[in-house]
Amino acid sequence: MGKLAVIMAVFLLLSPISGFAATPEVAPLETENILVAMSEFTTAPMVSAGNSFTVALKSDGTVWSWGYNYFGQLGDGTTTTAKRTPVRVTGLTDVISVSAGHTHTAVLKADGTVWTWGYNWYGQLGDGTIINKHAPVQVTGLTGVIAVSAGDEHTVALKADGTVWAWGHNWTGQLGTSTTTMYQSSTPVQIVGLTGITAISAGHSHTVALKSDGTAWAWGNNSHGQLGDGSTTWGGVPQPVQVAGLADIIAVSVGSRYTVALKADGTAWAWGYNYYGQLGDGTTADRHTPVQITGLTGVTDISAGAVHTVASTLGGTAWAWGSNNRGQLGDGTETDRHTPVQVTGLTGVTAVSAANSSGATVHTIALKSDGAVWAWGDNWYGQLGLGDYTSTNSFTPVQVLGEGGVGFLNLGATALADLTVVFELNGGTRIGGGEVVQAVPSNGAAIAPEIFRSGWIFDGWDTYFGVVTENIVVTAQWLRLGAITNNGESVSSADVVWVARHVAGHAGFELSEQDKRLVDINGDGVVDAADITALMRWLVGWELGEV
């Protein structure tokens, strides 16, 4: 690929005072485009709804999020209360899976590592701390992972060897360590006695795993029979128990105190808490063993939320049931449904996600085959991605807007990868370091580094790259004050004027029009090199020595 050098600016220096050494020649600032950084990585798009926020995975392996952000769960490095259109998660590429928890997020990269961000009071980020993180951090000591799931206050990962690992809160045994006396863990611990696992799902305070033989195993909170073994247990079950009477399972999803499963024949099953009819069997009675969801066949994806459930079918339609207090069922009403109802006006659906929120801010997300993302339900924190500040709920699906509210989000679209801006020195090595490298997200901003360091002054460093779309190398000549070089060079009045204009932001330090000389800055009765030193001391507070 050809290289393009573009002259960005030429800084003009005034003529030197008579009797002083000539100003060093200054090269113009140049930028060199060295690479158009289009991502070649591809993966399957994915959506995941958290507590008042949403996370989406593009086919190019980049991650995007929007909605509530008080704990930094959007991963863009901020804690702004809400982002109402998608923002890119900082510094992540080659991601293959995303999972939004209650107030934190976990993702899996193609290299088998797990990265997390957001709320971390119980160590659910797995980085060995209990400090919230506003940008991704790597989970400690965990590699070879093939699946990850974020629950309310804990996280679970499945390794390629079929073992399951968990970290975070353990108050009801949801970490599966055979004890509830270990209150929490900020690093991964292995689930006891569990092998041959092919899928996992973490919920409010219990966890479910699917084995290669089609059976499901569960552990943690069992107050409403959500473990599916026919019992209820207050205080939790800290080791896996088999879900009763269910085989040929191909997918599981854990909600808040209930569980749903998809069988190979396209039927869906549920058990646990059912006050709002979220089990979909036409009743509001808790079920301690699996019951089939009424009238639903050909299911391709299913997701359990806090108190509602959503599924997609072979025909590309979406169906929902359970609580509907915020319009999260998408049928145009606020009426709870105890059996599935079709989501209004939505076709071509390939994946769905119900928010596992313990509060009232409940919403639902769907991904269509064309890469578009649609949402409905509560919008108090902008989790529907509509770009508005009206916080208006939507009882039917609406399309999520694109970055900055421009166009619509398309998870199949290829975006620019993370980019690099290198500020490179031309003509020598400065004290305190050489080139300055910035990693910049695509379409992000690069801000020029400081121009003063240990006596060095660089031309061109006041350039601002507002929209970076390609890798860039910026080259600039350096100037160093003769007062501290000790190598025979000297500084001219032009250097002082340049510093005054470009460092201090002043335009008033001009040479006199009469003889192009500085005024008597230090008041010693003569205009000489000492005035330059005096001016520099006044401008930047440095003791530069004598010229």
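**Salt bridges, a nonpolar core and an open sheet**

Arg337 is partly exposed, with a relative accessible area of 25%. This value comes from a predicted model. Arg337 has a charged partner, Asp331. Their side chains form a salt bridge, with N and O 2.9 Å apart. Asp331 has a relative accessibility of 15%. Asp331 therefore counts as buried, since the cut-off for buried is under 20%. This salt bridge thus joins a buried residue to a partly exposed one.

A similar description fits a second pair. Asp281 and Arg287 meet through their side chains in a salt bridge, at 2.8 Å from N to O. Asp281 is buried, because its relative accessible area is 14% and buried means under 20%. Arg287 reaches 27% relative accessibility and so counts as partly exposed.

A third salt bridge links Asp127 with Lys133. Here the closest N and O atoms are 2.7 Å apart. Both Asp127 and Lys133 are buried. The count of salt bridges comes to 5. Side chains of opposite charge can pair when their charged atoms come close.

Attention turns next to the nonpolar residues. The largest nonpolar core holds 16 residues. Val208, Val243, Leu246, Ile249 and Ala261 have the most contacts inside this core. Five elements are named as giving two or more residues to the core: β16 (206–211), β17 (216–222), β18 (233–242), β19 (249–254) and β21 (268–272). The most comes from β19, which gives 3 residues.

Val208 illustrates the surroundings of one core residue. Neighbours within four places in sequence are left aside here. Val208 is then in contact with Ala199, Ile200 and Ser201, among others. Ala216, Trp217 and Ala218 are also in contact with Val208. The list is completed by Val252, Val254 and Thr259.

Several of these strands also belong to a sheet. The sheet is open and has 4 strands, in the order β15-β16-β17-β18. Their pairing is antiparallel. β15 (197–202) and β18 stand at the edges. Each edge strand has a single partner strand, so one side of each is left without a neighbour in the sheet. On average, neighbouring strands are turned by 15° against each other, direction ignored. Between β15 and β16, the antiparallel pairing runs over 5 bridges. Ile197 has its bridge partner in β16, namely Lys211.

The loops add further detail. Ser223 is placed in the loop between β17 and β18. Its relative accessibility is 9%, so Ser223 counts as buried. Residues up to four places away in sequence are again not counted, and Ser223 then touches Thr232, Thr233, Trp234 and Arg257.

Two loop residues stand out for their backbone angles. Most residues other than glycine have a negative phi. Asp94 has a positive phi, near 55°. Asp94 is found in the loop between β6 (82–88) and β7 (95–100). The relative accessibility of Asp94 is 31%, so this residue counts as partly exposed. Asp248 also has a positive phi, near 60°. Asp248 lies in the loop between β18 and β19.

Key. Residues are numbered from 1 along each chain as its sequence is written. This is a predicted model: local features need pLDDT of at least 70, side-chain atom pairs count only at pLDDT 80 or more; totals for chains, interfaces and linings use all residues. Side-chain values use heavy atoms; hydrogens and water are left out. A salt bridge is a side-chain nitrogen of Lys or Arg within 4 Å of a carboxyl oxygen of Asp or Glu. Buried means under 20% relative accessible area, exposed over 50%, partly exposed in between (1.4 Å probe, protein chains only). A nonpolar core is a set of buried Ala, Val, Leu, Ile, Met, Phe, Trp, Tyr and Cys residues joined through side-chain atoms within 4.5 Å. Contact means heavy atoms within 4.5 Å. Two strands pair if DSSP finds at least two bridges between them. Axes are lines fitted to C-alpha atoms, for helices over the stretch in contact, and angles run from 0 to 180 degrees between N-to-C directions.
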